[in-house]
Amino acid sequence: MRASKGDHLLVHGRIVGQHDRVGEVVEVLGPDGNPPFRVRFEDGHETVMSPGPDTTVQHHVGETKTQ
């Protein structure tokens, strides 16, 4: 799994009733975009994580300028 700063990680709930969580990658600590990542979740909590199979990456698409 590769990610870049600004990408979002979607961590799916693993048990019934547990909500999905979305976190923003604020720092990539591994080589070439690989884990571990420093992630900030919606509630402000930050953690270093190596995502498992219940996580997907939503790549950040930069804004394009139009003239």
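Here are some short exercises on a predicted model, each followed by a worked solution.

**Exercise 1. Salt bridges**

Find how many salt bridges the structure holds, and name the partners in each.

*Solution.*
Step 1: Start with the total, which is three salt bridges.
Step 2: Take Arg-14, whose side chain meets that of Asp-54 at 3.2 Å, N to O.
Step 3: Move on to Glu-27, which is joined to Arg-38 at 3.1 Å, N to O.
Step 4: Finish with Arg-40 and Glu-46, where the closest N and O atoms are 2.8 Å apart.
Step 5: Check these distances against the cut-off, which is 4 Å between a side-chain nitrogen of Lys or Arg and a carboxyl oxygen of Asp or Glu.

**Exercise 2. What the bridges link**

Work out which parts of the chain are tied together by the pair Arg-14 and Asp-54, and where Glu-27 and Arg-38 lie.

*Solution.*
Step 1: Place Arg-14 in the loop between strand S1 (8-11) and strand S2 (21-28).
Step 2: Place Asp-54 in the loop between strand S4 (46-49) and strand S5 (55-58).
Step 3: Put the two together: the pair ties parts that are 40 residues apart in sequence, because its members sit in these two loops.
Step 4: Turn to the salt bridge between Glu-27 and Arg-38. Glu-27 belongs to strand S2 and Arg-38 to strand S3 (residues 37-41), so that this pair links distant parts of the chain, 11 residues apart.

**Exercise 3. Buried or exposed?**

Decide whether Arg-14, Glu-27, Arg-38, Arg-40 and Glu-46 are buried, partly exposed or exposed.

*Solution.*
Step 1: Recall the limits: under 20% relative accessible area is buried, over 50% is exposed, and values in between are partly exposed.
Step 2: Arg-14 has 70%, so Arg-14 is exposed.
Step 3: For the pair linking S2 and S3, Glu-27 has 34% and is partly exposed, and Arg-38 at 28% is also partly exposed.
Step 4: In the remaining pair, Arg-40 has 37% and counts as partly exposed, while Glu-46 has 35% and is partly exposed too.

**Exercise 4. The nonpolar core**

List the residues of the largest nonpolar core, and say which strand gives the most to this core.

*Solution.*
Step 1: Collect the members, eight residues in all: Ala-3, Leu-9, Val-11, Val-25, Phe-37, Val-39, Phe-41 and Met-49.
Step 2: Sort them by strand: S1 and S3 each supply at least two residues of this core.
Step 3: S3 gives the most, with three residues.
Step 4: Look at the ring of Phe-41: Arg-21 lies over its face, at 4.0 Å from the ring centre. As for pairs between aromatic rings, the structure holds zero.

**Exercise 5. Around Val-11 and Thr-55**

Trace the contacts of Val-11 and those of Thr-55, leaving out residues up to four places away in sequence.

*Solution.*
Step 1: Val-11 touches Asp-20, Arg-21, Phe-41, Met-49, Asp-54 and Thr-55.
Step 2: Follow the last of these names to strand S5, where Thr-55 has its place.
Step 3: Thr-55 is buried, as its relative accessibility is 6%.
Step 4: Thr-55 is in contact with Met-1, Leu-9, Leu-10 and Val-11.

**Exercise 6. A loop residue**

Locate Asn-34 and describe its surroundings.

*Solution.*
Step 1: Asn-34 is in the loop between S2 and S3.
Step 2: At 23% relative accessibility, Asn-34 is partly exposed.
Step 3: Its contacts beyond four places in sequence are Met-1, Arg-2 and Val-28.
Step 4: Asn-34 and Ala-3 are 31 residues apart in sequence, with their C-alpha atoms 6.6 Å apart in space.

Methods: Residues are numbered from 1 along each chain as its sequence is written. This is a predicted model: local features need pLDDT of at least 70, side-chain atom pairs count only at pLDDT 80 or more; totals for chains, interfaces and linings use all residues. Side-chain values use heavy atoms; hydrogens and water are left out. Helices (H or I, at least four residues) and strands (E, at least two) are DSSP runs, numbered from the N terminus. Buried means under 20% relative accessible area, exposed over 50%, partly exposed in between (1.4 Å probe, protein chains only). Rings of Phe, Tyr and Trp (its six-membered ring) pair if their centres lie within 6.5 Å; planes under 30 degrees apart count as stacked, over 60 as edge-to-face and the rest as tilted. A charge sits over a ring if NZ of Lys or CZ of Arg is within 6 Å of the ring centre and within 35 degrees of the ring normal. A nonpolar core is a set of buried Ala, Val, Leu, Ile, Met, Phe, Trp, Tyr and Cys residues joined through side-chain atoms within 4.5 Å. Contact means heavy atoms within 4.5 Å.
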